[in-house]
Amino acid sequence: MTVRTAPVFNDNPFELGIFSPNCSGGLAVTKVPERWNNSWENNLRLAQMADEAGLEFLLPIARWIGYGGATNFHGSVLETVTWAAGLLAQTKNINVFSTIHTAFNHPVVVAKQLATMDNMSNGRAGLNVVCGWNKPEYDALGMTMPDDHETRYRFGQEWFDIVRKLWTETGPFDWDGEFYQLRDTYSLPLPKTDKVPIFNAAGSQQGRDFAVRNADYLFTPAIDLDRSREEIATIKEQAAGVGRNVGLFTLSYVVCRPTRKEAEEYHHYYSQENADWEAVDNIINLMFAHAESFPKEVIRLLRDRMAGGHGGYPLVGDPDTVADGIQRLYETGFAGTTLAFVDYVEEFPYFRDEVLPRLEDRGLRLPVAGAA
């Protein structure tokens, strides 16, 4: 049987995907009235535009409660498995990922869900693995989050080993592990593609070790590009040491306007004048529990970037400036980046029409098959 290679494994020198459109607000922690409305209609329209533009993937965030503040940022979220299934059914070429919390989802069920989606989409499903970090969400689901990274990642590794075994073996098997005991379990059909792409984001050493062992692409923020260059080299060396090749992605947010002045003014308007600072601080307190030990200028940068785009790398300016920023990420060693906008549906077409051709001219993107 001929199997399809997942779209994210294509030959583009620098890959692009859309991040967090399933969440209210997207990535912009702002109170402006035009902030992202994560309705199904908007998500479908965006997905089909991204698909036609030749982007590689759509990536959701799995959230169960919001971050509070005036907007209750991420208080409304489309669940990622059903979201991905719906979008896969109405797109043609793009990978659509499901973001799965290992603690909240049984591995046998997830293996079956993802394999089903991969079959219905001719090999376009993807899995983004999250091993747990947000204690209020554990509380909301009546679960206890282990205090130590080691336990969370041991659990995540066993969870993923079960999923991977179910995707590669056709006969029933028993599993006697630390966290799961399974009898005569199997999952058919197998995925359509020979390799379902795996994403993972990690900051701790345990998380990096997990990603190097299991992920095809590891997400890491681009706070300082010189530091990112060193970080990428270290992770690639670590992956090579265990016989693997792991690509590094980062996350970005885009404010692209005809002039740099227009873009910078709008960026300041939504991310400074109208930021939901209470929600920003709630996110930072959850994600950076020891942030008070960071230098003040780093905290200020994190806070500003969190308001602008959930800590992503800012791509703010006219089309040439935005293309320059993407080229810098490429030259740093990143294999790709996610994109987000204050209003994805309204702003993506300008990025598509003005920035993507510039990236093609620079050799960072291949022309879209079938494009005029």
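Here is a chat between a visitor and a guide about a predicted model.

Visitor: Let's start with helix H2. What makes H2 largely enclosed by the rest of the structure?

Guide: Buried means under 20% relative accessible area, and eight of the 10 residues of H2 are buried, so the helix is largely enclosed. The buried ones are Thr80, Val81, Trp83, Ala84, Ala85, Gly86, Leu87 and Leu88.

Visitor: What covers the buried residues of H2?

Guide: The cover includes helix H1 (40–53), strand E2 (57–59), strand E3 (95–101), helix H3 and strand E4 (125–130).

Visitor: How do you know whether H2 is roughly parallel or roughly perpendicular to H3?

Guide: Look at the crossing angle. The axes of H2 (residues 80–89) and H3 come within 9 Å and cross at roughly 10°. Angles under 35 degrees count as roughly parallel, so H2 is roughly parallel to H3. Where they touch, Val81, Ala84, Ala85, Leu88 and Ala89 of H2 meet Gln113, Met117 and Met120 of H3. By class, this contact has seven nonpolar residues, one polar and no charged.

Visitor: Staying with H3, why is Val110 called buried?

Guide: Its relative accessible area is 0%, and the cut-off for buried is under 20%, so Val110 counts as buried. Val110 sits in helix H3 (residues 107–120). Apart from neighbours within four places in sequence, Val110 is in contact with Ile100, Asn105 and Trp159.

Visitor: How many ångströms separate the C-alpha atoms of Val110 and Gly75?

Guide: They are 24 Å apart, with their positions 35 residues apart along the chain.

Visitor: On to the pair H11 and H12. Why is H11 called oblique to H12?

Guide: Helix H11 (residues 319–332) and helix H12 (residues 344–361) pack at about 55°, with axes 9 Å apart. Roughly parallel needs an angle under 35 degrees, and roughly perpendicular runs from 65 to 115. The angle of about 55° fits neither, so H11 is oblique to H12. As for handedness, the crossing of H11 and H12 is right-handed.

Visitor: Which residues of H11 and H12 meet?

Guide: From H11 there are Pro319, Asp320, Val322, Ala323 and Ile326, and they meet Tyr350, Phe351, Glu354, Val355, Arg358 and Leu359 of H12. Sorted by class, that contact has eight nonpolar, no polar and three charged residues.

Visitor: At what angle do H7 and H11 pack?

Guide: Helix H7 (residues 225–241) packs against H11 at about 35°, and their axes are 9 Å apart. Leu225, Ser228, Arg229 and Ile232 of H7 make the contact with Arg328, Leu329, Glu331 and Thr332 of H11. This contact has three nonpolar, two polar and three charged residues.

Visitor: How do you know whether Ser228 is buried or exposed?

Guide: Ser228, in helix H7, has a relative accessible area of 3%. Buried is under 20%, so Ser228 is buried. Leaving out residues up to four places away in sequence, Ser228 touches Pro221, Ala222, Ile223, Thr332 and Phe334. Ser228 and Thr332 are 104 residues apart in sequence, but their C-alpha atoms are 7.0 Å apart in space.

Visitor: Now H9. What makes its buried residues line one face of the helix?

Guide: The buried residues of helix H9 (residues 277–287) are Ala279, Val280, Ile283 and Ile284. Seen down the axis of H9, they fall within an arc of 135°, so they line one face. Over on the other side of H9, Glu278 and Asn285 are exposed.

Visitor: What is unusual about the backbone of His74 and His310?

Guide: Most residues other than glycine have a negative phi. Phi of His74, though, is positive, near 60°, and His310 has a positive phi of about 55°. His74 lies in the loop between E2 and H2, while His310 is in the loop between helix H10 (296–309) and strand E10 (313–317).

Visitor: Why are His74 and His310 called buried?

Guide: His74 has a relative accessible area of 1% and His310 one of 12%. Both values are under 20%, so both residues count as buried.

Visitor: Which peptide bond is cis?

Guide: The bond from Leu188 to Pro189 is cis, with omega near 5°. Most peptide bonds are trans. Pro189 lies in the loop between strand E6 (181–185) and strand E7 (198–201).

Methods: Residues are numbered from 1 along each chain as its sequence is written. This is a predicted model: local features need pLDDT of at least 70, side-chain atom pairs count only at pLDDT 80 or more; totals for chains, interfaces and linings use all residues. Side-chain values use heavy atoms; hydrogens and water are left out. Helices (H or I, at least four residues) and strands (E, at least two) are DSSP runs, numbered from the N terminus. Buried means under 20% relative accessible area, exposed over 50%, partly exposed in between (1.4 Å probe, protein chains only). Contact means heavy atoms within 4.5 Å. The arc is that of the directions from the helix axis to the C-beta atoms. Axes are lines fitted to C-alpha atoms, for helices over the stretch in contact, and angles run from 0 to 180 degrees between N-to-C directions. Angles under 35 degrees count as roughly parallel, over 145 as roughly antiparallel, 65 to 115 as roughly perpendicular and the rest as oblique. A crossing is left-handed if the near helix is turned anticlockwise from the far one by less than a right angle, and right-handed if clockwise. Ala, Val, Leu, Ile, Met, Phe, Trp, Tyr, Cys and Pro count as nonpolar, Asp, Glu, Lys and Arg as charged, and the others, Gly among them, as polar.
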